[in-house]
Amino acid sequence: SNIILASPTSILHHIDVIMQEVMVNNYDGIDIDYENVAVDRKDAFTFFTNNLAHQLHENGKLLSIKIG
């Protein structure tokens, strides 16, 4: 997860991949369970989850997040 959170570009690409998977398979939503997110990636993780939630909710999909 730390590599995915390395830049806004990689985050947005990851969101695109998730959205494609959710929409193509007509999932109700997605459960995010990323472990060992580095402390210095906190802001990037927040950016990721906020943007993912926005896109999912715009499409009537759900987001759950496990933090551990």
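This is a short tutorial dialogue about reading features in a predicted model.

Trainee: Let's begin with the overall layout. What kind of unit do S1, H2 and S2 make?

Mentor: Good place to begin, and please keep in mind that the model is predicted. Strand S1, helix H2 and strand S2 form a right-handed β-α-β unit. S1 covers residues 29–34 and runs parallel to S2, with 6 bridges joining the two.

Trainee: Which residues in S2 should I look at to follow that pairing, starting from Asp 31 and Tyr 34?

Mentor: For Asp 31, the bridge partner in S2 is Ser 64. Tyr 34 has Ile 67 opposite it in S2.

Trainee: Next, charges. How many salt bridges does a search of the whole structure find?

Mentor: The general idea is that side chains of opposite charge can pair when their charged atoms come close. In this structure the search finds 1 salt bridge. Lys 66 and Asp 31 form a salt bridge, and their closest N and O atoms are 3.6 Å apart. Because Lys 66 sits in strand S2 and Asp 31 in strand S1, the pair ties together parts that are 35 residues apart in sequence.

Trainee: Are those two residues buried or exposed?

Mentor: Neither label fits, since the range from 20% to 50% relative accessible area is called partly exposed. Lys 66 has 45% relative accessibility, so it counts as partly exposed. Asp 31 is at 36%, so it is partly exposed as well.

Trainee: I also noticed Lys 61. Where is its place in the chain?

Mentor: Lys 61 lies in the loop between helix H2 (42–58) and strand S2 (62–67). Lys 61 is buried and yet has no salt bridge.

Trainee: Which side chain of opposite charge is nearest to Lys 61, and how far away is it?

Mentor: That is Asp 28, at 5.7 Å. A salt bridge requires the nitrogen and the carboxyl oxygen to be within 4 Å, so Lys 61 and Asp 28, 5.7 Å apart, are not counted as one.

Trainee: What does the side chain of Lys 61 reach instead?

Mentor: Look for polar partners. The Lys 61 side chain makes a polar contact with the side chain of Asn 26 at 3.3 Å. The Lys 61 side chain also reaches the backbone oxygen of Tyr 27, at 2.8 Å. Leaving out residues up to four places away in sequence, Lys 61 touches Val 22, Met 23, Asn 26, Tyr 27, Asp 28, Gly 29 and Leu 56.

Trainee: Asn 26 keeps coming up. What is notable about its phi?

Mentor: When you read backbone angles, check the sign of phi together with the residue type. Phi of Asn 26 is near 50°, a positive value in a residue other than glycine. Asn 26 belongs to the loop between H1 and S1, and with a relative accessible area of 59% it is exposed. Its C-alpha atom is separated by 9.2 Å from that of Lys 61, 35 residues apart along the chain.

Trainee: Where is Asn 36, and what is its phi?

Mentor: Asn 36 is in the loop between S1 and H2. Its phi is near 60°, again a positive value in a residue other than glycine. Asn 36 is at 63% relative accessibility, so it counts as exposed.

Trainee: Let's turn to the helices. Is Ile 11 buried or exposed?

Mentor: Accessibility and contacts are best read side by side. Ile 11, in helix H1 (residues 8–24), has 2% relative accessibility, so it counts as buried. Setting aside residues up to four places away in sequence, Ile 11 touches Ile 4, Leu 5, Ala 44, Phe 47 and Phe 48. The C-alpha atoms of Ile 11 and Lys 61 are separated by 19 Å, and the two residues are 50 residues apart along the chain.

Trainee: Finally, which residues does Thr 49 contact, leaving aside its neighbours within four places in sequence?

Mentor: Thr 49 is part of helix H2, and its contacts are with Leu 63 and Ile 65. At 11% relative accessibility, Thr 49 counts as buried.

Definitions and conventions: Residues are numbered from 1 along each chain as its sequence is written. This is a predicted model: local features need pLDDT of at least 70, side-chain atom pairs count only at pLDDT 80 or more; totals for chains, interfaces and linings use all residues. Side-chain values use heavy atoms; hydrogens and water are left out. Helices (H or I, at least four residues) and strands (E, at least two) are DSSP runs, numbered from the N terminus. Buried means under 20% relative accessible area, exposed over 50%, partly exposed in between (1.4 Å probe, protein chains only). Lys and Arg count as positive and Asp and Glu as negative; His and the chain ends are not counted. A polar contact is a pair of N or O atoms within 3.5 Å; within protein, one must be able to donate a hydrogen and the other to accept it, and residues adjacent in sequence count only if both atoms are side-chain atoms. Contact means heavy atoms within 4.5 Å. Two strands pair if DSSP finds at least two bridges between them. A crossover is right-handed if, with the strands pointing away from the viewer, the path from the first strand over the helix to the second runs clockwise.
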